[in-house]
Each structure stands twice: as C-alpha cells, then as structure tokens.
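Trainee: Please take a close look at one position in this model and then work outward from there. I would like the criteria behind each term stated as you go.

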Amino acid sequence: MNSDKQATTPPAFAKRRWVLPAALVEDMYPQSRRADGRPRRTGRDWIVDFTCFLLAVGVGLLAADTLDQEPNLPRSMELADQVVGALACAAVWLRRRWPVGLAVAMVPVSMVSATSGGAALLSLFTLAVHRPFRYTAWIGGASLALMPLYFWMRPEPDLPFLASLVIASLLAVAIVGWGLLVRSKRQLLLSLRDRARRAENEARLRAEQAQRLAREAIAREMHDVLAHRLTLLSVHAGALEFRPDASREEVARAAGVIRESSHEALQDLREIIGVLRAGESDDAGRPQPTLAALDALVAECREAGMKITLAGRVTDPAGVPASVGRTAYRVAQEALTNARKHAPGTEVSVSVAGAPGEGLSLSVRNAPPVGEVPPVPGSGQGLIGLTERATLAGGTLEHGPTSEGGFEVRTRLPWG
C-alpha cells in the first residue's frame, strides 16, 4: 500500500520533501508516520532541531560565564543553575512532541536558572509555531509578568533593572512574533495545498460529469437513431411470423423493408461508433436529419404500411435552425415508432407549424388501436429522452392519451 501512495506523489515534490517540515508533508506521505501516529521528522526538521539545541547550549554557556559575577550567589546555587540549564537544553529535543508542556515547564525553570534562558525562549518560539495564539498569549504573558520578579531577585551586574527588563521583554516578544510569522506562513501553505486539492477534485468531478453527460447523449442518440429502424424490423418480422398465408407480394415487400431497415440500422450504428472512435462532434459523418427530412421520414413509414397524414405549415423548413429541426425530427421519429409499435394499422396525423419569432410546434397523434396489440420489445425510455432533449433545446414536450383513446405527442421549440 505504501508503494501505491508514493506513486501518487508528484516526483518533483518528492525530491524536495526533505526541505519541508513534517507538518506540511504528513498528509501527502502517510507512510512517514511512526507506529504511534506521529509524523517522522524530515531532514529539515533534524537540522532545525540540532540548530535549536546548539543555540540553547550557546546561550546557556554565555549565561554560565556570568554566574560568578552575581553577588551573594552560593556555589551550590551556581552548580544547580548549570545542571538545571543542561536539562533544559536537553529538553529542547522534546519541543515538537510536547510544545505546551515544555513551555509551561520552562516558566518556573527560567525563574531559578539563568542558563535555561535560551531553552525557555525556544520553547516560546515552538509554542507560537505549533499551537494556536491563545496558548502563546497565556504562557508568554505569564513569562513577561514574571520577568520583573526575576531581575529583582537576580539583577544583571552590568545593566540597570529597567534596561534589563526592556531588553529581555523585547527579545521574548521578537521570538514570539517570529514564531507567529512562521505559523502564518505554514497555514498559508496548508491552505494553498488544500485549495489545490479541492481544485483537482472539482476538475475530476467536472470531467466525470462531462463523461456521464456524453454517455447519456450517446445513449439518447443511439436510441433515437436505432429505435425507428429496429421497430420496422420487429413489426415486419412479426407480420411474417403471424401471417404465414401472406401473398408473395406482401412477403417480398416486408422482406424488402427488413433488408432496407437492417442496412440503415447498421449504417447508423457504424457512424455512431466512428464518431466515438474519432472523438468528433455530432455533426461529423453523414448530415444529421433536420426538419426538411420530415417528408422523407413520413414517406418511409408509408412504404412500411403506415397510414399517415402530414400537415405542414412551415414556409421554409430548411430555414429552421439545425438544432431545433433535428430535435423536431427526433420527436416525430420516436412518436411514429411508438405508434407503429402500440397502435399498428391505425391512422397517424402529423402536423407541424411555425415561423421565426413564433416558435416551432409539432404534434403527432394516432387513433386508438383496434383489437389486442402483441407486445413489442422496447426500452420504454424514448419519451423520457425526448422530454430531456426538448428541454435542452429550450422547449417543452407533452405526451399522453387523447379523449378518443389514442395517443398524442406535442412539442414546442424556440425559433427566432
């Protein structure tokens, strides 16, 4: 599992991992955590920790040189001061694990040990970097409040009381301010990282949504294109099956329709697959049907044996926008297919009217079926897909039974 997680990390970032603090890389490198859940230190962390330890030791040594200058300081107190300072310097290595505890412990320790002053300042710096400001305010405020007492108990031999207090206070405030600056920069880096992750997730979701919409559009187009052809196949094959006494002319005509519909269905399917392979738009390959092809659709259905009356009141069908005309054609095609499946042999009326600025209206109505209609396989999603297609085109589609017992599909699309 670790190898999989490492593989998802950018190589350029992996090379620079050692220069970043563990707090910034622990989420990207879950395998860097120890068995107890704590993140492993990076190369930068080791360098910073060792540098802090050396600074604490250096400040402690400078303070140890001034202990013999303090008046009335017993030898035992001087030795105890150095021992406590050495322990405080060693405790600097624990500053990442217990920043609050170390800072609290350093408040009384710094009151009795001058050599622990460097460790105390580093504990405040670590507290400001790794914890919210309220911890720094309380503990840092306590340290500043006790400074006058410390310099009253152990005054500096070469500096007045007020000067010693001001210098120590400014040094502590500067250290805390530095730590707050480091924390703010880390928080900025973390927020930028989170923002980049959210952007990547949103981009992935948008890509997945685009793929889903593309698949739905492809499925809808395949249904609209193939349902008409396959219904012709099913109807005429059923007629040959249930009418074995049909004349040779009827058999020849049904076979011709089956052959022609099979050829057209295969050609349409081949075009759709070609568009998928080539990644081209829907307008690639054969010209897409528009409203001008409605007459050819009606003629084809009449040749298949349907009784259709077409009433067209569109002065210039070729002037209808391509998207609107294609949607109207698909609505008519699906409605005629449904009429052929569920009301075979009945009369179907198709009416289309419209003009620029007024919109385009299309209606397909069929009479009620005569007798029992044998079931024809179908997906049952055609009208749902047509409703969605009409909505996407900015129009509306309604469908339902008529008062006479038939069925009607009505759509209105924008034109202008």
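**From one position outward**

Mentor: T327 is buried because its relative accessible area is 6%, where buried means under 20%, exposed over 50% and partly exposed in between, with a 1.4 Å probe and protein chains only as cover. Please keep in mind that this is a predicted model, in which local features need pLDDT of at least 70 and side-chain atom pairs count only at pLDDT 80 or more, while totals for chains, interfaces and linings use all residues. Residues are numbered from 1 along each chain as its sequence is written, and side-chain values use heavy atoms, with hydrogens and water left out.

T327 belongs to helix α12, which spans residues 322–342; helices (H or I, at least four residues) and strands (E, at least two) are DSSP runs numbered from the N terminus. When residues up to four places away in sequence are set aside, T327 is in contact with R389, A390, A393 and L413, contact meaning heavy atoms within 4.5 Å.

The helix that holds T327 also gives the most, eight residues, to the largest nonpolar core. Such a core is a set of buried Ala, Val, Leu, Ile, Met, Phe, Trp, Tyr and Cys residues joined through side-chain atoms within 4.5 Å. This one has 30 residues, and those touching the most other members are L291, I308, L336, V348 and L360. Two or more residues come from each of α11 (294–303), α12, β2 (347–355), β3 (359–366), α13 (382–392) and β5 (407–413). V348 is worth following, since its contacts beyond four places in sequence can be listed in full: M306, K307, I308, T309, L336, A339, V364, R365 and N366. Another core lies apart from the largest one and has 11 residues, including C52, C89, L102 and A119.

R365, one of the contacts of V348, leads us to the charged groups. The structure holds six salt bridges, each being a side-chain nitrogen of Lys or Arg within 4 Å of a carboxyl oxygen of Asp or Glu. R365 pairs in this way with E404, their closest N and O atoms being 3.8 Å apart, and this joins strand β3 to the loop between β4 (396–401) and β5 across 39 residues of sequence. In accessibility, R365 counts as partly exposed at 32%, whereas E404 is exposed at 54%. A further bridge, at 3.0 Å from N to O, runs from R365 to E408; because R365 sits in strand β3 and E408 in strand β5, it ties together parts 43 residues apart in sequence. E408 counts as buried, with 9% relative accessibility. Through shared partners, R365, E398, E404, E408 and R410 form one network.

Elsewhere, D49 and R96 meet in a salt bridge at 2.9 Å, N to O. D49 lies in helix α4 and R96 in the loop between α5 and α6, so that pair ties together parts 47 residues apart, and D49 is buried at 2%.

Helix α4 (residues 43–65) and the same loop are also tied together by W46 and W93. Rings of Phe, Tyr and Trp (its six-membered ring) pair if their centres lie within 6.5 Å, and planes under 30 degrees apart count as stacked, over 60 as edge-to-face and the rest as tilted; by this rule there are four aromatic pairs. The W46 and W93 rings have centres 6.3 Å apart and planes at 50°, so the pair is tilted. Both residues are partly exposed, W46 at 47% and W93 at 26%, and together with F50 and F53 they make up one aromatic cluster.

At the surface, finally, L149, W152, M153, F161, L162, V166 and L170 make a nonpolar patch of about 770 Å². Patches are made of residues with over 30% relative accessible area and no salt bridge, like charges being joined within 9 Å and nonpolar side chains (Val, Leu, Ile, Met, Phe, Trp, Tyr) within 5 Å; accessible areas come from the Shrake-Rupley method with a 1.4 Å probe, and for residues only the protein chains shown count as cover. Both α8 (133–153) and α9 (161–242) supply at least two of the patch residues, with the largest share, four, coming from α9. L162, in helix α9, counts as exposed at 59%, in contrast to T327, which is buried.
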